[in-house]
Amino acid sequence: MSQDKLQMMRDAGPSVLPSLLLCDFGDLKGELDRLRDAGTQVLHLDVMDGHFVPNLTYGMPIVEGLRRHTDLPLDVHLMISDPLHYARPMAEAGASSLTFHVEAVQDAEQVAGEIRELGVGVGVALNPETPLSDLDACLPLVDLVLVMSVDAGFGGQAFNPVALEKLATLRESHPHLLLEIDGGINSETIGPARAAGCDLFVVGSAIFKQHDYSAAISALEAAIEGANV
Ligand SMILES: O=C(CO)[C@@H](O)[C@H](O)COP(=O)(O)O
Ligand SMILES: [Co+2]
């Protein structure tokens with residue numbers, strides 16, 4: 001089932017992924033409806049443990065609650081110190097893909113392999129200061145690389161262009177990988193990210209700080225279109 005969801009992520013083409021961090025959690029069903037009406041095809045869920053990052057968000061109950069109300073792929077970003085501890089419960093809760101941080105684990109190859117056995121999409125994320133070479137051992141085992149353009153932990157931060165070089169390098173060396181960028185993505189930064197070869201664009205404040213989600217997402221999609229090479 002989840003491999004189908006991963007295929008949906010691939011089939012979606014260049015897509016804006018609203019990030020559920022800065023949304024109104026007091027009206028999550030309403031937010032889901034508004035995002036669906038705005039044409040959202042994949043949701044990005046920011047799971048933080050207050051240990052790997054100095055922020056605390058949510059866990060399986062929110063994933064389960066969302067899964068009860070949508071068939072959209074749920075792209076779960078695990079900003080947690082022990083991703084394997086929660087991988088199975090997250091997969092059972094309805095996650096479509098699980099992306100762990102390479103900085104959080106000793107053996108990324110083993111972690112990627114164990115997540116793969118759960119039948120969900122496997123992603124690995126790296127912060128701006130982490131070199132691409134840290135991914136070498138696990139790249140053959142992942143479906144997706146999440147290139148952070150901010151330090152994981154908070155929305156509303158400034159875009160770090162170091163992510164663009166990483167995207168271009170990965171696009172060249174691994175043409176079949178799904179590439180995703182996360183942090184400070186808006187109408188100005190999304191175009192260069194697309195031009196660097198990115199497929200999936202995580203967006204928080206550039207959507208949730210706007211009143212009209214459809215207009216915000218349409219502007220972002222227009223900027224992607226404008227950069228399509
Ligand atoms: O994972 C994270 C932050 O750690 C991101 O998903 C942010 O939530 C994106 O927010 P903006 O930078 O777009 O405001
Ligand atoms: Co994220």
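Helices (H or I, at least four residues) and strands (E, at least two) are taken here as DSSP runs, numbered from the N terminus. In that scheme, T189 falls in the loop between β7 (178–182) and α7 (190–195). The model is a predicted one, where local features need pLDDT of at least 70 and side-chain atom pairs count only at pLDDT 80 or more, while totals for chains, interfaces and linings use all residues. Residues are numbered from 1 along each chain as its sequence is written, chains are lettered from A and ligands numbered from 1 in the order in which they are written, and side-chain values use heavy atoms, with hydrogens and water left out.

Ligand 1 has 21 residues around it (a heavy atom within 4 Å counts as near). Of these, D46, G153, D182, G204 and S205 come nearest. Several polar contacts, meaning pairs of N or O atoms within 3.5 Å, go to the ligand; within protein, one atom must be able to donate a hydrogen and the other to accept it, and residues adjacent in sequence count only if both atoms are side-chain atoms. For S205, a side-chain N or O atom is 2.5 Å from an oxygen atom of ligand 1. For D182 a polar side-chain atom sits 2.7 Å from a ligand oxygen, and for H77 the figure is 3.1 Å. Taken alone, ligand 1 exposes 380 Å², and the protein buries 100% of that (Shrake-Rupley method, 1.4 Å probe).

Ligand 1 sits in the largest cavity. A cavity here is a set of points, on a 1 Å grid over the protein atoms alone, where a 1.4 Å probe fits but cannot get out; sitting in one takes more than half of the molecule's atoms within 2 Å of its grid points. The elements giving two or more residues to the shell are β2 (43–48), β3 (74–79) and β8 (200–203), and β2 gives the most, with three residues. By type, the shell splits into nine nonpolar, 10 polar and two charged residues (Ala, Val, Leu, Ile, Met, Phe, Trp, Tyr, Cys and Pro are nonpolar, Asp, Glu, Lys and Arg charged, and the others, Gly among them, polar).

Back to T189: this residue is buried, at 12% relative accessible area (buried is under 20%, exposed over 50%, partly exposed in between; 1.4 Å probe, protein chains only). Its side chain reaches the backbone nitrogen of N186 at 2.8 Å. G156, in the loop between β6 (144–148) and α6 (162–173), counts as exposed because its relative accessibility is 55%. G156 and G204 are 48 residues apart in sequence and 7.4 Å apart in space, C-alpha to C-alpha.

Terms used: 1 Å grid on protein atoms, 1.4 Å probe; cavity = no way out; pocket = protein on both sides within 12 Å on 5 of 7 lines; lining within 4 Å.
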